[in-house]
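Me: Please take a close look at a single helix in this structure, covering its length, its ends and its surroundings. A few words on one strand pair and on the cysteines would also be welcome.

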Amino acid sequence: MKKYITIAASILLVISCNTKEAKKEHTMDLSKNPLLIKSTLEYGTPDFSKIKTAHFLPAILEGMKLQNEAIAKITENTETPTFENTILALEESSKKLDDVNSVFSGLAGAHTNDTIKANQKELAPKFSKHSDDILLNTKLFEKIKTVYNNVSDANLDAESKHLVKEYFKNFSKAGANLSEEKKDKLKEINSEIASLSNDFGKKLLDASKKGGLVITDKAQLKGFSDEKISSLEKEGKYEIQLVNTTQQPALQTLENRATRKELFEKSIHRSDAGEYDTSDLVLKMTLLRAEKAQILGFNNYASWSLQGTMAGTPDKVFDMFKNLIPGSLEKAGSEIKEIQKEINKEGEDFKLAGYDWNHYAEKVRKSKYNLNEDEVKPYFEMTNVLEKGVFYAATKLYGITFKKRTDIPTYHPDVVVYELFEEDGSKLGLFFGDYYARDSKRGGAWMSSFVKQSKLRNQKPVIYNVCNSPKPAEGEPALISFDEVETMFHEFGHALHGFFGNQKYASISGTSTARDFVEFPSQFNENWSTHPEILNNYAIHYKTGEVIPAALLKKIKDAGTFNQGYSMIENLCSSSLDMKWHTISANDKIEDVAKFETEALKSMKLNVSEIPPRYRSTYFAHIFSGGYAAGYYSYLWTEMLSHDAYGWFEENGLLTRENGQKFREQVLSKGNTMEYAEMYKAFAGRDPEATPMLKARGLK
């Protein structure tokens, strides 16, 4: 699964500024704030050469103020509510705030500091209140309702009619129909959840950043290359930093079992005790969400949250889990036997544990498929993967071309920029790629935009991808694993979804879709990473220039179904935890996070000691600070769509411009303008089936 998370909770960006500067800038003339001035750069790209941290707070507050004034103008208008004076006016009321927040929320995940974290804490409840003041505005909703009730008779195009329905649905879902007393209570809950979510994200970032394993004896790092060891050295010690998943990449290579166990324990306990304990935050948030759902007339948060998704109800999600769990357990069981056999073959008599899995699974992979990660990596140099792999596939499918730009200011020296062009040479948009891990960046990988596509606003998209591949030592090539290759294809799949948006209205453009649809284009794009024509174009040995041998390519493909029982169980554990947390009622009394986890996994028959959840609750950023509450299942749901769609491509000639154009026109360009099931059926000519996914994972 690729991670992360695309439309995350608001996080703040830092460029450069200390507290004294911040106070000074807070009182500065707003007319000089670069975030409030239309950028003179191409595509309206934010000018990071002028933006300072201190500009964000006043610009965001001004954006909120401007939107509030626009909303007041709508509600005070005595004319009969129409699409133009209500819906269109509401759509454009957020223009300035959108401009500022796209920079503020997006980039901060990639480059934060203490000042930004403090601003984030201050703004979290303000954002919540601002949203509630709009969504729970009785006068505004009455006007929206009037337009909605007359939309069938209105002289509007299909997209505009859909926009009306989306606003009515979103306001209704938020509680616009509630009594004033319930609205006030809901506002309190929303504000508290926002603050708790912010606290969770901050604690987790600190826990991951400061909770790594520090080693003094170099011998404990046996298995690492000299270059890797050198990159870990700090003042005579060696620090392995944590990534946000349970399993850590280093566990695959480390030969010392005690070191593996210590690193694994650091990972799973990073935030369940001590200074960075998030347990209370988890309990408070889940119960508040359950209370929120109750106020809104639902039995639990998941039932409320799944409105408007393809799945629709928690029961359908649990049904999907139940269909996947038996085959996954069977596959995982055979994998456990294989790995235990490998352990015993080496003369060891210990029982396989979670921290042994990746290390010995790699040994099994090597012996079973004769595939060595160190043999593969020299063929995957990052720039080659990006330009001759990810971009090349997009050119073959969609006709678009790319030109590197070095004249566009970026927020960090590691960021690369490319301009995209349509097949006829017309401009499509601008792409920022930020691929290396650093202390100021949160874990995972994600996509978002600085400028969203909108015909109404005359905006072409400016989109970015963020990943967390280790940065090589000075002068060394950036060689990445095949999993990281797939991540780059995945995130650019999101980017294509954003670039190909063809909507009038920004709020329903591109990736502005339901959680269990938004991951579909990105997962689908991963399929091209192993297509022979694409792979042979980018998988080039960085020293010899040799194209990846056919035999090695076969090994990669043959190994594609290896470890899939583990992968599915790992994901199903976390997906089930998410749904279990969000199907509790407001009356449930839960006091122990760990106990709840254990019982939840047992109830789903997922308590496999050798396979821990991909995320435990205390560091499950997706659902407690990343906007995926009751939505983590969407990775599996959209994987089903992606494999089924690739099956359609296989039936119709695979890598052709005609197929790419059809997919672009009927899926990637649609945004949120129609029902997702109808959209998929219009493309594939059928409803999606799970069989292609099960076959791809070797589960059938």
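Reply: The account below begins with helix α7 and then turns to a strand pair and the cysteines. The model is a predicted one.

Helix α7 comprises 17 residues, 158-174. At 1.5 Å a residue it should span 24 Å, and its end C-alpha atoms are in fact 24 Å apart, so the expected and modelled lengths agree. At the N-terminal end, D157 acts as a cap: one of its side-chain oxygens lies 3.1 Å from the backbone nitrogen of E159. Just beyond the other end of the helix, G175 adopts a positive phi of about 110 degrees.

E159 is itself among the buried residues of α7. The others are S160, H162, L163, V164, E166, Y167, F168, F171 and A174. The elements that cover these buried positions include α3 (83-93) and α5 (114-135), together with α6 (138-149) and α8 (180-210).

Strand β7, residues 446-451, is also largely enclosed by the rest of the structure, because five of its six residues are buried. It runs antiparallel to strand β8 (residues 462-469), to which five bridges join it. Within this pairing, S448 has Y464 of β8 as its bridge partner.

As for the cysteines, C467 has 4% relative accessibility and therefore counts as buried, the cut-off being under 20%. C573, at 0% relative accessibility, is buried by that criterion too. With a disulfide taken as a pair of cysteine sulfur atoms within 2.5 Å, the count of disulfides in the model is zero.

Conventions. Residues are numbered from 1 along each chain as its sequence is written. This is a predicted model: local features need pLDDT of at least 70, side-chain atom pairs count only at pLDDT 80 or more; totals for chains, interfaces and linings use all residues. Side-chain values use heavy atoms; hydrogens and water are left out. Buried means under 20% relative accessible area, exposed over 50%, partly exposed in between (1.4 Å probe, protein chains only). Helices (H or I, at least four residues) and strands (E, at least two) are DSSP runs, numbered from the N terminus. The expected span of a helix is 1.5 Å times one less than its number of residues. Contact means heavy atoms within 4.5 Å. A polar contact is a pair of N or O atoms within 3.5 Å; within protein, one must be able to donate a hydrogen and the other to accept it, and residues adjacent in sequence count only if both atoms are side-chain atoms. Two strands pair if DSSP finds at least two bridges between them.
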